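I opened my notebook to look up a few things in this model. Here are my entries, in the order I made them.

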Amino acid sequence: MMAHKRPMIPIKSAQEIEQMRLSGRLAARTLAMIEPCVQPGVTTDRLNDLCHQFILDHGAVPSPLHYRPTVQNPGGFPKSICTSVNHQVCHGIPSQRVLREEDIVNVDVTVYLNGFHGDTSKTFFVGGSTSRSRKIVQVAEECLQRGIQAAQPGSHFGDIGVAIEYHARQSHCSVVREYCGHGIGRAFHEEPAVLHYGTRDKGLALLPGMIFTIEPMVNLGKADIKLMPDHWTVVTKDHSLSAQFEHTLLITEQGNEILTVVTSPPDSCSG
Ligand code: MF3
Ligand code: CO
Ligand code: CO
């Protein structure tokens, strides 16, 4: 049998890690800045414009803008953040859509600062919530936490996937399988693909210095998804609610460090 070449997962240097902390913090600050603006009556375009300006004001550029041109979308992604509402799973395009009471919206922010990307997202309640929206948002956030807890030096990528999938199933929710987390650094999406399902002890071993995202998309109904005609927006096939949370994570000697954290008081979003 042919010897299989092991995929090379970049190990970041101390200098690269310091830069990634800065990128991660700016992404997290952007998300914290926008949170109070997520209110009934706001358009997703307005959230996009506020994030876009905040990112530029802090010496960075929004990574999604013009990302990945394809035949269907020659200009790449047309906006600076992703906003995915209700049954939209991910990659929703900001538009003139007005957010309404009891919607949920995932805001996904990625910034490119001094040559390094930082990527984080949260799902927010718009005004009030429903028992269904509280359920899916809570389970999605817990799934991310379970994945982070499983991301230890010496464990395997499969362990992360198992932890996430187990919690979603136990909560009678389902995990989207077509989209995954990813290595991140000088490139937006690097190796490895970080699956949100898997098998215990399988996959590559986690080593100190690896940086990747975990970003489970969890559905209240079935896991099946479809791509909308805009060739970006992903929705649940059964139109059930979907929620997502994402962090950029560094594996350390002792455990892990979340890089997409805020370390300063929140910035105002109205200014
Ligand atoms: N931020 C997304 C992720 O978590 C990717 C968005 S790509 C875009 O990987 F083009 F849709 F913006
Ligand atoms: Co993201
Ligand atoms: Co990501």
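**Entry 1: E246.** I looked up E246 first, and its relative accessibility is 0%, so E246 counts as buried, the limit being under 20%. Keep in mind that I am reading a predicted model here. E246 sits in the loop between β13 (242-244) and β14. I found E246 (OE) among the protein donors of the cobalt ion (ligand 3), and E246 (OE) also coordinates the cobalt ion (ligand 2).

**Entry 2: the cobalt ion (ligand 3).** Which protein donors hold this ion? I listed D119 (OD), H182 (NE2), E215 (OE) and E246 (OE), lying 2.0 to 2.2 Å from the cobalt ion (ligand 3). Along the sequence I read their spacing as D-x62-H-x32-E-x30-E. Two of these donors link distant parts of the chain: E215 lies in the loop between β9 and β10 (217-219), and E246, in its own loop, is 31 residues apart from it. I checked E215 for cover too, and at 8% relative accessibility E215 counts as buried. I then looked at the angles: the 6 donor atoms around the cobalt ion (ligand 3) subtend 51 to 161 degrees, which makes the arrangement irregular.

**Entry 3: the cobalt ion (ligand 2).** For this ion I noted D108 (OD) twice, then D119 (OD) and E246 (OE), at 2.1 to 2.4 Å. The donor spacing along the chain is D-x10-D-x126-E. Here the 6 donor atoms subtend angles of 57 to 165 degrees, so I wrote this arrangement down as irregular as well. D108 is in strand β4 (residues 104-113) and D119 is in strand β5 (residues 116-125), 11 residues apart. I found D108 buried at 10% relative accessibility, and D119 buried with a relative accessible area of 2%.

**Entry 4: the two ions together.** How far apart are the cobalt ion (ligand 2) and the cobalt ion (ligand 3), and which residue coordinates both? I got 3.3 Å, with D119 coordinating both.

**Entry 5: the core.** Next I turned to the largest nonpolar core, which has 30 residues. I136, A151, F157, I160, F212, I214 and V218 touch the most other members. The elements giving two or more residues to this core are α3 (131-150), α4 (157-170), β9 (211-214) and β14 (247-251). I marked α3 as the one that gives the most, with 8 residues.

**Entry 6: a surface patch.** Last, I looked at the outside, where L56, V61 and Y112 form a nonpolar patch with about 230 Å² of accessible area together. V61 is in strand β1 (residues 61-62), and V61 is partly exposed, with a relative accessible area of 40%.

Technical notes
Residues numbered from 1 in each chain as written. Chains lettered and ligands numbered in written order. Predicted model: local features only at pLDDT ≥ 70, side-chain atom pairs only at ≥ 80, totals over all residues. Heavy atoms only, no water. Donors = N, O, S within 2.8 Å, 3.2 Å for Na, K, Ca; no water. Tetrahedral: all angles 85-135°; square planar, octahedral: opposite > 155°, others 65-115°. Helix = DSSP H or I, 4+ residues; strand = E, 2+ residues; numbered from the N terminus. Buried < 20%, exposed > 50% of the residue type's maximum accessible area, 1.4 Å probe, protein only. Patch = residues over 30% accessible without salt bridge, like charges linked within 9 Å, V, L, I, M, F, W, Y side chains within 5 Å. Areas by Shrake-Rupley, 256 points an atom, 1.4 Å probe, with all protein chains shown as cover. Salt bridge = Lys/Arg side-chain N within 4 Å of Asp/Glu carboxyl O. Core = buried A, V, L, I, M, F, W, Y, C linked by side-chain atoms within 4.5 Å.
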